[in-house]
Amino acid sequence: MTDAASGKSKLPLHWKMMIGFVLGLTLGLIVHATVGADAGWVKQVTAVTDPAGKLFLNLIFMLVLPLLFSALVVGISEMGDVRALGRIGWRTLGFTVLASGIAVVLGLVLVNLLKPGAGTDPATAQQMLAAGAERADSIISKGKEAPGGAGMLLSLVPANVVTAAAGGNFMGVMFFALMVGVGVVLTRSDKTDAFRNAVEGLFEISMTLITLVIRLAPYAVFCFMFNLAALFGWELLIRLGAYVGVVVLALAIHMFVVYSALLKWAGWSPVKWFGAVREVMVLSFSTASSNATLPTSLRVAEDNLRLPRKVSRFVLTVGATANQNGTALFEGVTVLFLAQFFGVELTLLQQLTVMFVCILGGVGTAGVPAGSLPVVALICGMVGVPPEGIGIILGVDRFLDMCRTTLNTTGDLVLATLVAKGEE
């Protein structure tokens, strides 16, 4: 029986997450202001909420490796017409990497300058790290043992990809997935088509399981926020507001400064161009899904921007999964914010690692609401940031998801405009 037939309306997931966020935050603030996080009964409550939150994280980490591997292979192999399209295909690939790289660098620079997560009491942050129990401690120790310099470069190319996966070397696994995707592009046969179909099947299975796990997010958000608010109090709200402000500022700069500069290079008036694509921007903001906006983007590219059909259809179809500038920017800002919040110092090499994975994450992130959550969890683990911190952002993620999706879909149209420059 459907919800409509039973007379019940199903509450959207993002509203459930918001309810869990507000409820956990409110109760945590009350505890912080009255008895404090060290009270006996509060410790008994957190003894339940802490494992519940970790169970959610374990499920995410369990599924993130097959999800990212299959998504990267599928995303790269979707550029299978690169050789057939020649210049169009290679220009699409080049502009995609360029735009995503600029987005991530912009986000990292703003976080380092504005430091939205800095200022947390070190003793309280260390208390949170200690309360994070075994998983956070093991992740932090791995981050400290991570190789630097030439060792980091060598770790990108693992001698044994299975050993790399078991040892937590996700960079090596992602590089292997990248190579497999390139191999699928360069090797066209019935057997490689069958392999690609199998990988697509793995991707669909992973997405189905991730969707099931995400349904637990409202309860995990409540647990995370109660634990964090009981420990940090009002300081948590201040840092959260600063984080949202930095993300929105970075997205706005990339949208109206970087994109405008690229459009001017392509011979367009930014004001005229943005006016022509406003329908896509409004739709993507309301749906928070690049895939749902794709049909409208195709129509706007051909009718309003008058782009060549062979360019717009190829670029926008590939861009819906492979050109997600807003997602890459968001992931980089989020990881560095959480590192600042918990007092985890990231070296320049570690920040470069974040940038590299975020660019790849822009290719391997599903174009659906909350699709970047597994990637954020993965990157946090790679650089030694406690993954419990994602509970801070989940409550405001719906709004930020709407904002970054708008940048993603607009960026796809900018990419199509750049590639179309000089084409008939």
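Eight positions are the place to start: in helix α11, the buried residues are Thr192, Arg196, Val199, Ser206, Met207, Ile210, Val213 and Ile214. Please keep in mind that this is a predicted model. Helix α11 itself covers residues 190-214, a run of 25 residues. From its first C-alpha to its last, α11 reaches 36 Å, close to the 36 Å expected at 1.5 Å a residue.

Let us turn to the record. In an unreviewed entry, UniProt lists residues 55-76, 88-111, 161-186, 207-234 and 240-262 under "transmembrane region". Two of these spans can be set side by side with their values in the model:

| Span | Helix | Strand | Distance between end C-alpha atoms |
|---|---|---|---|
| Residues 88-111 | 100% | 0% | 35 Å |
| Residues 240-262 | 100% | 0% | 32 Å |

What do we find on the surface? Val105, Val109, Leu113, Leu114 and Leu249 form a nonpolar patch there, and together they have about 430 Å² of accessible area. Which element gives the most to this patch? That is helix α5, residues 87-114, with four residues. Valine 105 is placed in α5. Is valine 105 buried, partly exposed or exposed? With a relative accessible area of 38%, valine 105 is partly exposed, because that value falls between the 20% limit for buried residues and the 50% limit for exposed ones.

Next come the cysteines. A disulfide is a covalent bond between the sulfur atoms of two cysteines. How many disulfides does a search of the whole structure find? The count is zero. Cysteine 380 gives a good example: its closest cysteine sulfur, in cysteine 358, is 9.8 Å away, so the two are too far apart for a bond. The cut-off for a disulfide is 2.5 Å between the sulfur atoms. Cysteine 380 also counts as buried, at 0% relative accessibility. Cysteine 223 is buried too, with a relative accessible area of 9%.

Finally, a look at a loop residue. Where does phenylalanine 342 lie? Its place is the loop between α18 (325-341) and α19 (348-364). Although phenylalanine 342 sits in a loop, this residue counts as buried, because its relative accessibility is 1%. Phenylalanine 342 and glycine 119 are 223 residues apart along the chain, and their C-alpha atoms are separated by 9.7 Å.

Methods: Residues numbered from 1 in each chain as written. Predicted model: local features only at pLDDT ≥ 70, side-chain atom pairs only at ≥ 80, totals over all residues. Heavy atoms only, no water. Patch = residues over 30% accessible without salt bridge, like charges linked within 9 Å, V, L, I, M, F, W, Y side chains within 5 Å. Areas by Shrake-Rupley, 256 points an atom, 1.4 Å probe, with all protein chains shown as cover. Salt bridge = Lys/Arg side-chain N within 4 Å of Asp/Glu carboxyl O. Helix = DSSP H or I, 4+ residues; strand = E, 2+ residues; numbered from the N terminus. Buried < 20%, exposed > 50% of the residue type's maximum accessible area, 1.4 Å probe, protein only. UniProt positions renumbered as here; feature names shortened; annotations may be inferred. Expected span 1.5 Å × (residues − 1).
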